[in-house]
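User: I'm new to this one and would like a close look at a single part of it, namely how the side chains meet one another. Here is what I have in front of me.

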Amino acid sequence: MSKPIESLNIHQRWLLRSIAERIRSFPLSTAPANRALAEEGIRQIYDQIGMTPPSTIMWFDSPIGAANFLLKVPKIKLGRNIEDLIPWRFAAWESGQIYCHVSNLIAAEVSDLFQTAWAEVTPAFINKYIWLQDWRFRSDPVSFEFVLAAAQYEFFRNCGLAETPSAQALSKVVWNSDYWWPFANVAILVDRPTVIRWDQSWRLHAESGPAVQYRDSTCLYFDHGRRIPGNIAERPEEITLERINTERNVEIRRIIINQYKRGEEISGAGRFVRDSNSRILDHDEKWGTLHRLKIPDDEPVVVLQVINGSREPDGTFKQYWLRVPPDMTTALDAVAWTYGLTGVEYEKIQGRT
Amino acid sequence: MFLKAQGDVLIRQVAVIPGDAKPVERDKGRVILAYGEVTGHAHAINAKLAQLFLAPAGQHYLLADEPVDLVHEEHETIRIPQGTYEILHQREYDPENARFVQD
């Protein structure tokens, strides 16, 4: 065996970064699945673990379609889930054949960079995945840890260090599909969505319309990572003060308070309090005005009204209505809380623009 | 001790940047403290001698090796003296989970 690589050249560094980017874009990709390549990968995986490739490879345009199928189909037709037979799962694979080609330092650097990229986009992946649990799956879709394995494989292969057929097969499936479930007789794969939107914290989110739309037109709606019912998201104009005040279900009421006047400059809880008969808890020229609104069977909504530090082009000052914890009693403590500080710390502020 | 806010971003002077914080790459040559999700505006520093860091728990830190200007399309510029700073992002209370304000 050749001597382990001690440092990466410019090309290898570039490659490392481009694969980290690929990991980042993975859960948010809307590129159509390359079905032929993914199927080739599936057949190779079964071959390598000594199993006959599945007689049927089924594609679904959305995980909901796949979920409905999995719930209905008799288990005997699917055969057992063979995921645990795939021997190159991330941990085993990582410590395996590839890493003997590079120094520990390089191995750590590669692993660290890829895991950081993955950690960044994890909220989007979790959002996309977690709702599947609504369907009470008999098994979870594969892909979570395999993405990292596929990334490392891509990197080391492109560095000319290793050509391992098993990792190659895995990589084909991972990069060319979204969710997949390998059963003994049937492999189930899901194509990517056509629309996917997210916020700054990589949580699924859309100001209007669906945050995720699949090829079969199934839509999923999210507000900063929280799933919201489609009828509420699609018809925000139906969320009126009366609708909120007559809603008895606390969970639904919280959602519609957050969705109230969505898309307008002041929206959500702040707007709801502004438009209702709230009580002023505290007012301070320097720190703002604290409003409180009692809600039946739920905690009160407490909102801080602050004025922007900088003037708008038309000479006015923009106002912000920020929801704060219900136990806040002074505007100073409330504004300090919004930055994660105490009132004592925040009152030393030297300027706000 | 320096403590100033520019819209939804607060800059607080700290003694040191934690050793496990990692440098964050520049975006088109600029150090971006926060992006505006709705407007596309950003809290940005153009100076060469500024570096943003990200700690494992998610906090951002700024190292300014010279006085730098923090600019934003809708807010007046803030001059930050040479030093080390923690960047605090404004958040809003949510009964289920706290979320950040993005202007």
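How many aromatic pairs does a search of the whole structure find over all chains? Start there, please, and carry on to the charged contacts and the packing around them.

Analyst: Happy to. One thing up front: this is a predicted model. As for your question, the search turns up 10 aromatic pairs over all chains. One of them joins A:Tyr339 and A:Tyr346, and this pair is stacked, with 5.8 Å from centre to centre and 10° between the planes. A:Tyr339 is buried, because its relative accessibility is 4%. A:Tyr346 is buried too, because its relative accessibility is just 1%.

Rings can also join up in a group. A:Phe26, A:Trp118 and A:Trp175 make a cluster through ring pairs. A:Trp175 has another partner as well: the charged end of A:Arg22 sits over its ring, 4.4 Å from the centre.

Let's stay with A:Arg22 for a moment, since it leads on to the charged pairs. This arginine also forms a salt bridge with A:Glu154, where the closest N and O atoms are 4.0 Å apart. That pair ties together distant parts of the chain: A:Arg22 belongs to helix H1 of chain A and A:Glu154 to helix H7 of chain A, 132 residues apart. How open are the two ends? A:Arg22 has 34% relative accessibility, so it counts as partly exposed, whereas A:Glu154 has 9%, so it counts as buried.

How many salt bridges are there over all chains? The count comes to 23. Another of them is between A:Asp112 and B:Lys22, with 2.8 Å between the closest N and O atoms. Here the pair crosses between chains, running from helix H6 of chain A, where A:Asp112 is, to strand E3 (residues 22–23) of chain B, where B:Lys22 is. A:Asp112 is partly exposed because its relative accessible area is 35%, and B:Lys22 is also partly exposed because its relative accessibility is 41%.

Chain B reaches chain A in another way too. The charged end of B:Arg91 sits over the ring of A:Trp337, 3.9 Å from its centre.

Back inside chain A, A:Arg271 and A:Glu264 meet through their side chains in a salt bridge of 2.9 Å, N to O. A:Arg271 is buried, because its relative accessibility is 12%; A:Glu264 is partly exposed, because its value is 40%. Salt bridges can chain together as well: A:Arg35, A:Asp61, A:Asp191 and A:Arg215 are linked in a network of them.

Now for the nonpolar packing. The largest nonpolar core has 45 residues, and the ones that touch the most other members are A:Phe114, A:Phe155, A:Val174, A:Trp180 and A:Leu189. Several elements of chain A each supply at least two residues of this core, including helix H1 (10–25), helix H6 (104–130), helix H7 (144–158), helix H8 (165–175) and strand E3 (186–190). You've met some of these already: H1 and H7 of chain A are the helices that hold A:Arg22 and A:Glu154. Apart from that core lies another, of 24 residues, with A:Leu290, A:Met328, A:Ala334 and B:Tyr93 among them.

H8 of chain A is worth a quick stop, as A:Leu170 is found there. This leucine is buried, because its relative accessible area is 2%. A:Leu170 and A:Ala150 are 20 residues apart in sequence, yet their C-alpha atoms are 6.6 Å apart in space.

Helix H3 (residues 63–72) of chain A shows how a helix can turn a side inward. Its buried residues are A:Pro63, A:Ile64, A:Ala66, A:Ala67 and A:Leu70. They lie on the same side of H3(A), because they cover an arc of only 160° around the axis. What do the buried residues of H3(A) pack against? Their partners in chain A are E1, helix H4 (75–78), strand E2 (180–182), E3 and strand E6 (219–220).

Stepping back to chain A as a whole, its secondary structure comes to 14 helices and 13 strands. Of its 353 residues, 52% count as buried. And among contacts in chain A with a separation of 6 or more, 60% are between residues 24 or more positions apart.

Definitions and conventions
Residues are numbered from 1 along each chain as its sequence is written. Chains are lettered from A and ligands numbered from 1 in the order in which they are written. This is a predicted model: local features need pLDDT of at least 70, side-chain atom pairs count only at pLDDT 80 or more; totals for chains, interfaces and linings use all residues. Side-chain values use heavy atoms; hydrogens and water are left out. Rings of Phe, Tyr and Trp (its six-membered ring) pair if their centres lie within 6.5 Å; planes under 30 degrees apart count as stacked, over 60 as edge-to-face and the rest as tilted. Buried means under 20% relative accessible area, exposed over 50%, partly exposed in between (1.4 Å probe, protein chains only). A charge sits over a ring if NZ of Lys or CZ of Arg is within 6 Å of the ring centre and within 35 degrees of the ring normal. A nonpolar core is a set of buried Ala, Val, Leu, Ile, Met, Phe, Trp, Tyr and Cys residues joined through side-chain atoms within 4.5 Å. Helices (H or I, at least four residues) and strands (E, at least two) are DSSP runs, numbered from the N terminus. The arc is that of the directions from the helix axis to the C-beta atoms. Contact means heavy atoms within 4.5 Å.
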